[in-house]
Amino acid sequence: MRNFDFAPLYRSAIGFDRLAQLFDDAQRNDAAPSYPPYNIELIAEDKYNITMAVAGFDRSELDIETERDTLKIVGRKQKDETQKNYLHRGIASRDFEHRFRLADHVKVVSARLDNGLLSIELVREVPEAYKPRRILIDGDNLQLVQSQAA
């Protein structure tokens, strides 16, 4: 196994204590969860969509929550009271829990379930306080940098 020295990154980064944890998480050998299958789509520059195939799950069996920088999607199937005799069982109906790490300022806008597909819309909303500003030398005030796209 390779060991990487990230010391050069810490020389120019201030306040990035989470960075080491992110690298450690990325180097772990845990297999990524493959059930249920999902897509992550970039809709626009700051707009994303996660589509998860949750066939057989009802709205009441799905739970979506965000906490800080994590989006957690949990599916808990209700136990079927009737005993079924399957000749072939190819549709998975097991419980799942999937976590997505969200970047700073990414918020969940909406979620909908349609034809067995759970769609979660996300958007990055950077507050004005975090947008780039030009600092004038010997000046008392700060001026916002005008974006070239505007």
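What share of the 150 residues of the protein counts as buried? The figure is 19%. Keep in mind that this is a predicted model.

**Whole chain**

Show everything as a cartoon. You should find two helices and nine strands. Start at the N terminus and follow the chain: both helices come before the strands, in the order α-α-β-β-β-β-β-β-β-β-β. Now switch on the surface. Its accessible area is about 12400 Å², and carbon and sulfur atoms hold 49% of that. Among contacts with a separation of 6 or more, 46% link residues 24 or more positions apart.

**The four-stranded sheet**

Select residues 38-44, which form β1. Add 47-53 for β2, 106-114 for β6 and 117-124 for β7. Together they make an open sheet with the order β1-β2-β7-β6 and antiparallel pairing. β1 and β6 are the edge strands; each has a single partner, so one side of each lacks a neighbour in the sheet. Look along the sheet for its twist, which averages 20 degrees from one strand to the next.

**Across the sheet, pair by pair**

Begin at β1. Six bridges tie β1 to β2, and the two run antiparallel. Pick Leu 42; opposite, in β2, stands Tyr 48.

Step on to β2 and β7. This antiparallel pair has seven bridges. Select Ile 50 and find Ile 120 opposite in β7.

Finish with β7 and β6. Eight bridges join these antiparallel strands. Click Lys 107, then Val 123, its bridge partner in β7.

**The β6-β7 turn**

Zoom in on the hairpin of β6 and β7. Two residues lie between its strands. Select Asn 115 and check the backbone: phi is positive, near 55 degrees.

**Thr 51**

Return to β2 and select Thr 51, one of the residues of that strand. Is Thr 51 buried or exposed? Its relative accessibility is 17%, under the 20% limit, so Thr 51 counts as buried.

Show side chains here. The side chain of Thr 51 makes a polar contact with the side chain of Asn 49, at 3.4 Å. Then display what surrounds Thr 51, leaving aside neighbours within four places in sequence. One set of contacts is Pro 37, Tyr 38 and Asn 39. The other is Leu 117, Leu 118 and Ser 119. Colour β1 and β7 to place these contacts: Tyr 38 and Asn 39 fall within the 38-44 range of β1, and Leu 117, Leu 118 and Ser 119 within the 117-124 range of β7.

Key. Residues numbered from 1 in each chain as written. Predicted model: local features only at pLDDT ≥ 70, side-chain atom pairs only at ≥ 80, totals over all residues. Heavy atoms only, no water. Buried < 20%, exposed > 50% of the residue type's maximum accessible area, 1.4 Å probe, protein only. Polar contact = N/O pair within 3.5 Å; in protein donor to acceptor, adjacent residues only side chain to side chain. Contact = heavy atoms within 4.5 Å. Pairing = 2+ DSSP bridges. Axes fitted to C-alpha atoms, helices over the stretch in contact; angles between N-to-C directions. Areas by Shrake-Rupley, 256 points an atom, 1.4 Å probe, with all protein chains shown as cover.
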